[in-house]
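Student: Could we go through this protein together? I'd like to learn how to read it.

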Amino acid sequence: MLLIAGIGFYLLYRGFRVWVRKPFTLRSGIGFEMNEEILEHPAVELLEQAGYEVVSDKLKVPLAFRVNREIVHSRLFIDYIAVKNGEFYLVRIARERLSIEWTGSGVRRELLPYLLLYPECAGVLYVDPDQGELKEIVLTTDEDEEETALKGLWRAE
């Protein structure tokens, strides 16, 4: 009985530690309805070749902001929603007139709204069908990268 109680206490303690260390994320509350009619496009083929399943076509997410006492409206466009290994990804297709500068500030300016609006998604996929490129953008911290690098050094030894 004492052994079973000890194991139960240990499992509760471990669960509490994991819960406390889990980063706090905001839930957006802005959902989206899947658009299941997926039209043929080179980007869809590129995603499928990379192992993603496209589950929704283009979506328009209406947004409203209160500025002082006036409501202003805008929209956010999501080209596709894809799934891989049970994780959802928002997809943006490259556009010639709206190119992204691949620096920290350029990625922040263009893609951070997607990552913050839907924190439950694993990331954003940026697809350039003309170049045959697919980039996965995930919001992370320098601490995560340093920890991963240290684990890699530890494994190499």
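**Helix H2 and its surroundings**

Tutor: Sure! Keep in mind that this is a predicted model. One thing to spot right away is that the buried residues of H2 pack against strands S1 (53-56), S4 (80-84), S5 (87-93), S6 (123-128) and S7 (133-137).

Student: Which residues of helix H2 are buried?

Tutor: Helix H2 covers residues 42-49. To count as buried, a residue needs under 20% relative accessible area. In H2, that picks out Ala 43, Val 44, Leu 46 and Leu 47.

Student: Why are they on the same side of H2?

Tutor: Look at the directions in which they point from the helix axis. They end up on the same side of H2 because the arc they cover around the axis is only 160 degrees.

Student: Which residue just after H2 takes a positive phi?

Tutor: Step just past the end of H2 and check the backbone there. The phi is about 95 degrees, and the residue is Gly 51.

Student: How far from Asp 128 is the nearest side chain of opposite charge?

Tutor: Asp 128 sits in strand S6 and is buried. Asp counts as negative, so we look for a positive Lys or Arg. The nearest is Lys 135, with no salt bridge formed, at 7.6 Å.

Student: What is Asp 128 in contact with, leaving aside its neighbours within four places in sequence?

Tutor: Contact here means heavy atoms within 4.5 Å. One partner, Leu 46, is also among the buried residues of H2. The full list for Asp 128 is Leu 46, Ala 94 and Glu 133.

How values were computed:
Residues numbered from 1 in each chain as written. Predicted model: local features only at pLDDT ≥ 70, side-chain atom pairs only at ≥ 80, totals over all residues. Heavy atoms only, no water. Buried < 20%, exposed > 50% of the residue type's maximum accessible area, 1.4 Å probe, protein only. Helix = DSSP H or I, 4+ residues; strand = E, 2+ residues; numbered from the N terminus. Salt bridge = Lys/Arg side-chain N within 4 Å of Asp/Glu carboxyl O.
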